[in-house]
Amino acid sequence: MNKNKGFVFSEIFLILLYVGVMAVSLSTLVLLLHKTSSKNFELIKAEQLAVGLTEEILARSWEEKLNPSETLGIDSGEIEGDKTTFDDVDDFNNYIEAPPLNPSAQPMQGFSDFKRTAMVSYIKPGDEESSEKTELKKITVSVYKKDKLLVVLKSLKGRH
Ligand SMILES: [Ca+2]
Ligand SMILES: [Ca+2]
């Protein structure tokens, strides 16, 4: 009888020990999953921001319509840093948004730690940067969170 009781106790002890080990590994697993998903969520947000700004830029015209300029950047009557005044793709050259702004230039909710930048350059066929005017512009949008680079999105816009 005593022998049986002893066996049951040691069995219960082993089960408790096993459950304890399982609980620790499960909590570690849950923590890891949480870390992974919050990191993925951050990346998804950064990708959304990159795509959003790229779409805004690509929706603009190839170049300044009334008085096309040889140089990339804003044109007369446009205000540096105020994208609502931009009408062509290269007005976004050296553009910085911190925090990100919606197309009406209002801060976007839930993105206060993020920053996005845009660069515009002429390129030659073969992705070679060109200091002279070509028929192709490369738009590079970068998204940062707390100054850590998360996403770089490159796109092209041709004259026609
Ligand atoms: Ca312009
Ligand atoms: Ca321009």
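How many bridges join strand S2 to strand S4, and which way do the two strands run? Nine bridges do the job, and the strands, residues 114–124 and 136–145, run antiparallel. Bear in mind that this is a predicted model. Overall, you're looking at one helix and five strands, with the pattern α-β-β-β-β-β along the sequence.

**The whole protein**
- Of the 160 residues in the protein, 18% are buried.
- Take the contacts with a separation of 6 or more: 48% of them come from residues 24 or more positions apart.

**Strand pairing**
- Within the S2–S4 pairing, Ala118 has Val141 in S4 as its bridge partner.
- S4 also pairs with S5 (residues 148–158), again in the antiparallel sense, this time over 10 bridges.
- One of the residues involved there is Tyr144, whose bridge partner in S5 is Leu149.
- S4 and S5 make a hairpin with two residues between them.
- Lys146 sits in that turn, with a positive phi of about 45 degrees.

**The nonpolar core**
- The largest nonpolar core holds 16 residues, and Leu49, Ala50 and Ala118 have the most contacts inside it.
- Helix H1 (2–58), S2 and S4 each put in at least two residues, with H1 giving the most, at five.
- As a general point, nonpolar side chains in soluble globular proteins tend to be buried together.

**Around Leu49**
- What does Leu49 touch once you set aside its neighbours within four places in sequence? Its contacts are Pro100, Phe111, Phe114, Arg116 and Val143.
- Leu49 is also one of the residues with the most contacts inside the largest nonpolar core.

Key: Residues numbered from 1 in each chain as written. Chains lettered and ligands numbered in written order. Predicted model: local features only at pLDDT ≥ 70, side-chain atom pairs only at ≥ 80, totals over all residues. Helix = DSSP H or I, 4+ residues; strand = E, 2+ residues; numbered from the N terminus. Buried ≥ 20, exposed ≤ 12 C-beta atoms within 10 Å, placed from the backbone. Contact = placed C-beta atoms within 7 Å. Pairing = 2+ DSSP bridges. Core = buried A, V, L, I, M, F, W, Y, C linked by C-beta atoms within 7 Å.
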